[in-house]
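Visitor: Could you take me through one part of this model up close, starting from a single residue and working outwards? I'd like to see how the pieces around it fit together.

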Amino acid sequence: MIKLNNKGQTLIMFVLLIPLILLIMALVIDTSFVYKEKIKFQSITKTILRNTYDKRYESNFEEYVGNLYQKNKINTDNLKIKVNENDIIVKNDYKINSIFGRIIGIKNYKIKLSFKVYKENNNIKLIKE
């Protein structure tokens, strides 16, 4: 009976799978970074608009809110603020540079967010649109 030596097969499989495992880890890190930025924008939007809701009819309201976003390091190139009688609509879309996605050709991720803020029973509500 002939005995085969199978000791090297595991090493070959491990070497072949390492790039795939690293790629998956890199994409998970990038995805979590994008998710963190979305949560950051949402939380800053809530805070800013809760504190400035009563100032919405002032002439420089949009500029004031834009400056607050910039102080919190949120890109305001495409920030749009629309003030209506009962609500405020905030839309922002911006790009976040990819950390590891460049490996497979993803240079940046586009984040597109839209929120509607209104007052109900003296409480300020924020909903995603």
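Guide: Here's a walk that begins at one side chain and moves out to the sheet, the helices and the core. Keep in mind that this is a predicted model.

Let's start at Asp87, which sits in strand β2, a stretch covering residues 87-97. Is Asp87 buried or exposed? Its relative accessibility is 9%, so Asp87 counts as buried, given that the cut-off for that label is under 20%. The Asp87 side chain has polar company, too. One polar contact, at 2.8 Å, links it to the side chain of Asn84, and another, at 3.4 Å, goes to the side chain of Lys116. If you skip the residues within four places in sequence, the contacts of Asp87 are Tyr53, Lys82, Lys116, Val117 and Tyr118.

Now zoom out to the sheet. There are four strands in an open sheet, ordered β1-β2-β3-β4 and paired antiparallel. The edge positions go to β1 (80-83) and β4 (123-128); each has a single partner strand, so one side of each has no neighbour in the sheet. On average, neighbouring strands here are turned by 20° against each other, ignoring direction.

The pairings are worth a look one by one. Between β2 and β3, which run antiparallel, there are eleven bridges. Within that part of the picture, Lys91 has Ser114 in β3 as its bridge partner. Strand β3 (residues 108-120) is also joined to β4, again antiparallel, by six bridges. Tyr118, one of the contacts of Asp87, stands opposite Lys125 in β4. The hairpin of β3 and β4 has two residues between the strands, and Asn121 in this hairpin takes a positive phi near 55°.

Next, the helices. Helix α1, residues 7-52, lies across β2, β3 and β4, and runs at about 25° to β3. Helix α2, residues 61-71, packs on the sheet as well, touching β1 and β2, and its direction makes about 140° with that of β1.

Which residues of α2 are buried? They are Phe61, Val65, Gly66 and Tyr69. These span an arc of only 130° around the axis, which puts them on the same side of α2. Glu63 and Lys71, on the other side of α2, are exposed. The cover over the buried residues of α2 includes α1, β1 and β2. After α2 comes Lys73, with a positive phi near 60°.

That brings us to the core. The largest nonpolar core has 23 residues, and those touching the most other members are Phe41, Leu49, Tyr69, Ile88 and Val90. At least two residues of this core come from each of α1, α2, β2, β3 and β4. Take Ile88 as an example: leaving out residues up to four places away in sequence, it touches Leu49, Tyr53, Arg56, Phe61, Ile81, Lys82, Phe115, Lys116 and Val117. Look back at Asp87 and you'll find Tyr53, Lys82, Lys116 and Val117 among its contacts too.

Methods
Residues are numbered from 1 along each chain as its sequence is written. This is a predicted model: local features need pLDDT of at least 70, side-chain atom pairs count only at pLDDT 80 or more; totals for chains, interfaces and linings use all residues. Side-chain values use heavy atoms; hydrogens and water are left out. Buried means under 20% relative accessible area, exposed over 50%, partly exposed in between (1.4 Å probe, protein chains only). A polar contact is a pair of N or O atoms within 3.5 Å; within protein, one must be able to donate a hydrogen and the other to accept it, and residues adjacent in sequence count only if both atoms are side-chain atoms. Contact means heavy atoms within 4.5 Å. Two strands pair if DSSP finds at least two bridges between them. Axes are lines fitted to C-alpha atoms, for helices over the stretch in contact, and angles run from 0 to 180 degrees between N-to-C directions. A nonpolar core is a set of buried Ala, Val, Leu, Ile, Met, Phe, Trp, Tyr and Cys residues joined through side-chain atoms within 4.5 Å. The arc is that of the directions from the helix axis to the C-beta atoms.
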